[in-house]
Amino acid sequence: MARRTLKRRAPSTDEDDSPPTNKTTRQVSDDEDIGTTSLSQRDEGTNDDDNELAENDEDESDDADVKPTIMDQEYVAEALQPQERQRDADNFIPGSITRVVLHNFLTYDHVDFCPGPYLNMIIGPNGTGKSTIVCGIALGLGAGPKILGRSSDVNAFVKQDKTQGYIEIHLKAKNRHHNHVIKRSINSTDKQSKYEVDGEPSRLEVIKEIVSSYGIQIGNLCSFLPQDKVSQFAQMSPSTLLLETQKVAEGTGIGNLTEWHKKLIESGKTLNEAENDLNSMIKDRNDLEEMNKSQEREIERYRARKSIEKKVGILFVDYTILTFFQIDLLNLMIPFSRYSQSKTQYDQAKANRKRLNENVIKIERENLPLKQKISDFEKLIKESEDKRKDNEEDIQRKKQEMKEVGKQLEQFVKHTEDATSKIEDAERADQRRLESIDSAKQKIAALENTIADPPNEEGLREFEDQIRTIRQSISELHEFGKKYQDIRREVASEKQEIYHEQSRYERILLSMDNVRQRRYEKFRSFDETTARTVEIINKNKDKFQEKVYDPAFLEVKVKDQSYAAAIESLINYNVMKTILCQNQEDYDIATKQIIDKYKFRVNIVQPVFSSRDTEPLMTREEIRQLGFDGFAIDFIDAPEFIINYLKKSCFLHKIPVAKTADQVNLKAIEESSAFKKRELRRYLIGTESHSYNWSRYGKQAASTTTTFVRPSRVFNDTNADIEERQELEARIEEYKRRASEQDQKIEELIPKEKDLHVQERTYKGEIQRLDEQKSEIQRKRQEYFKAQATLHSTKKNLQKLENMPSSAAEKQKYKTLICKITKQRIDEVETYTELVKELTQLIEKSELLVLEEVQYDANRRSLNGYLNGYNITLSEASRELSQADEHYKSVKAESTRYLKIAQNELAQASEELRNDFVKFRERVSQTGDEQSLEELEDALAVEKTNLEMNSNVSASIIEMFEHRKKVIEEQTQKIKKKQIQFDNLKASIDRIRSKWEPTLLKLIMAVSERFSKAFERFGCAGEVKLFRHATDYAQWAIEIYVKFRETENLELLTHQRQSGGERSLSTILYLMSLTELSKSPFSLVDEINQGMDSRAERLVHNQMVQVTCRDYSSQYFLITPKLLPNLTYHPKMKVLCVNNGEWLDEKRGNLKLLLKEHKDANAGIANGTQTLQAAV
């Protein structure tokens, strides 16, 4: 079976190829005295029942499917390295969040936002609802409210004064065009929730299954840390931190670390209990055996007497010998006989132990050359690795030197370009000065003619008095009717806006399922003026000779949505909104009606094409051979006239595109004829746009500029949705009600204002007549004085222009500077060439060192395979030696005890008895007729029976003796079964640990490496270690050691040693270290940067941007109420600003609109400043 094969793999790892340390190899001398070994000291790895264990241990049935085993730690190390993530065209990985919708949820009436695929920074003042987003994500993905640390009831999350709310989470799906849409509806009246998946009713179990399938870990504080759980994470015990860390690593595919750890904890407790029970049973059995042993002699005598009673004639056999054996002599002979018998057993056990010990020593000696060879290879690997590191440092130094020289060359190029530009500017300045002199002379002549005829100023004051009187009357009229006029204008304006919006929403509602209409509504939001122009032209089609084409925004359709963003990035916005006429007559009609009549500023053109404009760069077969999918023009659908216009204006027929870079051959591109002719200047791969530029100087080398393509906003057509339709209908009804109210107000105001307008028109007519007469006099007067002032300044400017020196000297200075810079560039190029040669030599040396190190490592691994086979043989021999040693010591102790008893009996005997005993031993040694122990004991029993015929043993003693004997036999059987169970359980624990511990060590080493590097960037030191407990796996823990000052040593991170800011910094760096390992689609932390100083917070931010914006990074949410100025920004990150308030309108909540207003305001200030300077 596959499971059994997996369990029998040899215990070796990439980290430790030495013999297994849990196999005890023991060499003992003949004279050592070892007592009975207790159960807790049993030799590990001495189980002979591996086959039976592999078949009966059901707890290990799931381990066969685990990828990393003790033999495959290379897989574990590779899995813990950054891996390329599966991403769609929008850069989202499966399981990440693409959209969040909250309705009547905590602080929000309604919010709808789309996070990015990498780092998402959610910022905003306290109380605006940042943590509400965290709650929405957790609950929306099926988590219970207790996980957030706020409330235990889900109905508490409905917004106050609201009865119902919902959460909608969009998850990126695997191999699907449509993402998962998970919706959870809650209400304030009960604690029940309703669930929907992709618009269909569902159950919580289905949602949890979806979440689990993507490896999302909402319950793991290491990957999902709400604000109310931050303190709980900081106070987390080291043992709990280990459990949470293992959960993060499970998504990497290195194995079920948490499940293994759980089994070890449970099995460890069971093993301790079994050990205690087994030791207790052995003690009880030994006590019973001692009791029976103390009565055994008496019981044997009783049985012997019974035997003599059955065989009466035994007393008359060989009576001459029996008379010689006196009872005292027999009592003296029996101990020596027992010792003699035990001594024989001792000699046999000693010889067997010696033989096995010599066998172990022999095996170990055979292993020594192999171990030495492995040690030699390890030293060679270490030496080769040190040389390679030194060589790599030399490579880095050379690269830095090349970088510095390159920077210097760039500076020389820049200085040369600047000097050339200054020369060109000087030449242009001379030309402009001559032109200005001619213009000034002509202007002086015209001004002199103007001031020759001064204006007549009679009657100007009289006109002003009359106008002032009439204006006073109008002002009084305005004051009287201002209230009614202002109200009417406000009502009329609001009514017009209501009708306008109502009509627009009615049109949207009628065409909800019309993609073109929805595209038109989107276009209208981008450019309302051009959209109105399109309406006017479509209503007057009969006035044009040929079809007038709508803008590309409306006419173009993308055949494959995966190219939408790329194609949209290639079409200029002005081209996107340009209206196209096919002939000059239609162009004249369109411009006259639209531009002249309506005063609209729109783009209307009548393009003319030539064959050169639409000629392709190369054939489609040639472009596919370079690895591209085709030209951009191949993936759009539009009328032929618009296709030709896009070719001419945007060169879509000359820009190749590809979904991925897998097949694109960059070398072939640069070797193509189109590239060499500088015709192939741009191409797109996925979300990246690459442009070539050729230098005008030197070798005219080509440089590449890469930019990221934004997601499509124009060509991403989608179907209408029911909720949007319902919302539109509700808005239309609201606008109708408001329009009716405004109509009533207007009817009340019109009569009151009518009389005021009549009187005002009379006054204004009189003022207009007087103003015309006054303005004519003032105009002539202003022209006269202006001509005088302008004439003086023009003459002064002419004199200044004529006196300006020539720029010849300045041009010569810059030409000299260019020559000097050119010589310096030549020297730097020679230096750069020499550095390239040296770097090439170092790289070749580094490659040789790597190959050498690989060869040494392969040899070491091969030898380790042989060593493992010897280790198995050695383990078996050691086990047999241990068993023989225990037997030898038991026999030795028994023989010693019998000898001491015999010697003690001999010492206490009388001199006569000792002489008889000596004579008897001499007779036996001469004749060789020595009686056995059983014969001596029988003879002694006969004699004592004859002497103690009247004595008798109690029947109850016999009964208790037999009962205890039976119990002892039962206990022995139970102990054997318990021992087998104990050995099986211990072997099971060893197998799980052999997989769990090496993998866990790899994980801790990977975390510690990243944690240490993060601390080094702060000028501090940090390390992560694993704490082991001998028997209790629940006490295994992660220990974090930190050092924040140069004079300190690494100390364990605790609440007593470090400050709050230091603990916060350590916590966030540990989380970031886990983030690099985590394969969860997204992670989230809420206000983790509290308590840090500005320096630490800035460094943490920069490091977080670096970690979370890599190509292999998962989606990350960082929520914070504060940000320092001038922080690092990465194009892949997305900043979400939370603006919340009761009267927050759409404009104030749109960051893009706010930025546009800010830019417009700055531009207005600049224009105003220029105007003021011109006036002065």
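Select helix α5 (residues 204-213): α5 lies across β5, β6 and β7, running at about 50° to β6. The model is predicted, so local features need pLDDT of at least 70 and side-chain atom pairs count only at pLDDT 80 or more, while totals for chains, interfaces and linings use all residues. Residues are numbered from 1 along each chain as its sequence is written, and side-chain values use heavy atoms, with hydrogens and water left out. Helices (H or I, at least four residues) and strands (E, at least two) are DSSP runs, numbered from the N terminus. Axes are lines fitted to C-alpha atoms, for helices over the stretch in contact, and angles run from 0 to 180 degrees between N-to-C directions. Contact means heavy atoms within 4.5 Å.

**The antiparallel sheet**

Now show the strands under α5. They belong to an open sheet of 6 strands in the order β2-β1-β4-β5-β6-β7, with antiparallel pairing. The edges are β2 and β7 (200-202); each has a single partner strand, so one side of each is left without a neighbour in the sheet. From one strand to the next the twist averages 20°. Helix α4 also packs on this sheet, where it touches β1, β2, β4 and β5 (180-187), and its direction makes about 105° with that of β1. Two strands pair if DSSP finds at least two bridges between them.

At the β7 edge, select β6 (residues 193-197), which runs antiparallel to β7 and is joined to it by 3 bridges. Glu196 has Pro201 in β7 as its bridge partner.

Move to β1 (residues 97-105), where 7 of the 9 residues are buried (under 20% relative accessible area; exposed is over 50% and partly exposed in between, with a 1.4 Å probe and protein chains only). Strand β1 is joined to β4 (residues 164-171) by 6 bridges, in the antiparallel sense. One position to label is His103, opposite Tyr166 in β4. Tyr166 has a further partner: the charged end of Lys183 sits over its ring, 4.3 Å from the centre. A charge sits over a ring if NZ of Lys or CZ of Arg is within 6 Å of the ring centre and within 35 degrees of the ring normal.

β1 also pairs with β2 (residues 108-113), antiparallel, over 5 bridges. Phe105 has Tyr108 as its bridge partner in β2. The hairpin of β1 and β2 has 2 residues between the strands, and Leu106 there takes a positive phi near 50°. Before β1, select Asn91, in the loop between α3 (73-79) and β1. Asn91 has a phi near 75°, positive in a residue other than glycine, and is partly exposed at 22% relative accessibility.

**The parallel sheet**

Next, select the open sheet of 5 strands in the order β8-β21-β22-β3-β23, whose pairing is parallel. β8 (224-225) and β23 (1134-1137) stand at its edges with a single partner strand each, so one side of each is left without a neighbour in the sheet. Strand β3 (residues 119-123) runs parallel to β23, with 4 bridges between them. Ile123 stands opposite Cys1137 in β23.

Add two helices to the view. α4 (residues 130-140) lies across β3, β8, β21 (1082-1086) and β22 (1115-1120), at about 145° to β21. α29 (residues 1094-1108) lies across β3 and β22, at about 140° to β3.

**A buried loop residue**

Which residues does Val714 contact, leaving aside its neighbours within four places in sequence? They are Arg519, Lys522, Phe553 and Glu568. Val714 is in the loop between β17 (702-708) and α23 (722-803), and is buried, with a relative accessible area of 4%. Val714 and Glu568 are 146 residues apart in sequence and 7.3 Å apart in space, C-alpha to C-alpha.

**Aromatic rings**

Select Phe628, Phe675, Tyr683, Tyr692 and Trp694, a cluster linked by ring pairs. The structure holds 20 aromatic pairs. Rings of Phe, Tyr and Trp (its six-membered ring) pair if their centres lie within 6.5 Å; planes under 30 degrees apart count as stacked, over 60 as edge-to-face and the rest as tilted. Then go to Lys1025, which lies over the face of Tyr1041, at 4.8 Å from the ring centre.

**Confidence**

Finally, colour by pLDDT, the predictor's confidence in each residue, from 0 to 100. The protein averages 76, and 79% of the residues score at least 70. Confidence is lowest in helix α1 (residues 2-7), at a mean of 32, and highest in strand β10 (residues 579-580), at 93. Over residues 308-325 pLDDT stays under 50, and the model has 17 contacts beyond four places in sequence for them. Where pLDDT is low, the predicted coordinates should not be read in detail.
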